[in-house]
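Got the viewer open? Here's a short tour of what to select and what to look for at each stop.

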Amino acid sequence: MDENRKLREQLMPALESKCDEFRLLGYTQVTMDGLWECLCSRKWKHRPAEKKLHELVSDIFSLSPSEYMMFLTMRSYKQQAAGDDELERVLKELL
């Protein structure tokens, strides 16, 4: 985990730049944490340390708003589905 934190600090200027770019395009709710999570799960498949620094920077700059929005949509659906399972469990306990 320490390695990921160090890597994220190294990539912070590129992440800030991408965040600013998205905000200029009208995506005002973009966060650094959201971008990092998207890149880790989509582009890097939870293994950013296996790539070279220049490849990671390239991946950050090549992330499109549509890829990011698709990631957020899928994450929202998954969270909603998990919440539905929890609601079902609570209802069964009550009945």
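Colour the protein chain by secondary structure and follow it along the sequence: the pattern reads α-α-α-α. That comes to four helices and zero strands. Keep in mind that you're looking at a predicted model.

Now switch on a surface. The protein chain exposes about 6800 Å², and carbon and sulfur atoms supply 55% of that. Of its 95 residues, 25% count as buried. As for how the chain meets itself, take the contacts between residues at least 6 apart in sequence: 63% of them join residues at least 24 apart.

**Stop one: helix α2**

Select residues 32-43, which make up helix α2. This helix has twelve residues and runs 15 Å from its first C-alpha to its last, close to the 16 Å expected at 1.5 Å a residue. Which residues of α2 are buried? Show side chains for Gly 34, Leu 35, Trp 36, Cys 38, Leu 39 and Cys 40, and you have them. A helix rule of thumb is handy while you rotate the view: an α-helix has 3.6 residues a turn, so residues three or four places apart point the same way.

Before leaving, click on Lys 45, just after α2. Lys 45 takes a positive phi of about 50°.

**Stop two: the cysteines**

Pick Cys 38 next. With 0% relative accessibility, Cys 38 counts as buried, because the cut-off for that is under 20%. How far is the sulfur of Cys 38 from the closest cysteine sulfur? Draw a distance to the sulfur of Cys 40 and you should get 9.4 Å, too far for a bond. A disulfide needs the two sulfur atoms within 2.5 Å, so this pair doesn't qualify. In fact, the structure holds zero disulfides. Add Cys 19 to the selection too: at 1% relative accessibility, Cys 19 is buried.

**Stop three: the aromatics**

Across the whole structure there are three aromatic pairs. Start with Phe 22 and Tyr 27: their ring centres sit 6.1 Å apart with the planes at 55°, so this pair counts as tilted. Are the two residues buried or exposed? Phe 22 is buried, with a relative accessible area of 0%, while Tyr 27 is partly exposed at 31%.

Keep Phe 22 selected and add Tyr 68. These two also form a tilted aromatic pair, 5.8 Å centre to centre with 50° between the planes. Here the pair links distant parts of the chain: Phe 22 belongs to helix α1 (residues 2-24) and Tyr 68 to helix α4 (residues 65-94), 46 residues apart. Both Phe 22 and Tyr 68 are buried. Show Phe 22, Tyr 27 and Tyr 68 together and you're looking at one aromatic cluster.

**Last stop: along helix α4**

Stay in helix α4 and select Met 69. Met 69 counts as partly exposed, at 35% relative accessibility. Bring Tyr 27 back for a distance check: Met 69 and Tyr 27 are 42 residues apart in sequence, yet 9.3 Å apart in space, C-alpha to C-alpha.

Then move on to Leu 72, also in helix α4. Leu 72 is partly exposed, with a relative accessible area of 22%. Which way does the next distance take you? Back to helix α2, where Gly 34 is one of the buried residues. Leu 72 and Gly 34 are 38 residues apart in sequence and 8.1 Å apart in space, again C-alpha to C-alpha.

How values were computed. Residues are numbered from 1 along each chain as its sequence is written. This is a predicted model: local features need pLDDT of at least 70, side-chain atom pairs count only at pLDDT 80 or more; totals for chains, interfaces and linings use all residues. Side-chain values use heavy atoms; hydrogens and water are left out. Helices (H or I, at least four residues) and strands (E, at least two) are DSSP runs, numbered from the N terminus. Buried means under 20% relative accessible area, exposed over 50%, partly exposed in between (1.4 Å probe, protein chains only). Contact means heavy atoms within 4.5 Å. Accessible areas come from the Shrake-Rupley method with a 1.4 Å probe; for residues, only the protein chains shown count as cover. The expected span of a helix is 1.5 Å times one less than its number of residues. Rings of Phe, Tyr and Trp (its six-membered ring) pair if their centres lie within 6.5 Å; planes under 30 degrees apart count as stacked, over 60 as edge-to-face and the rest as tilted.
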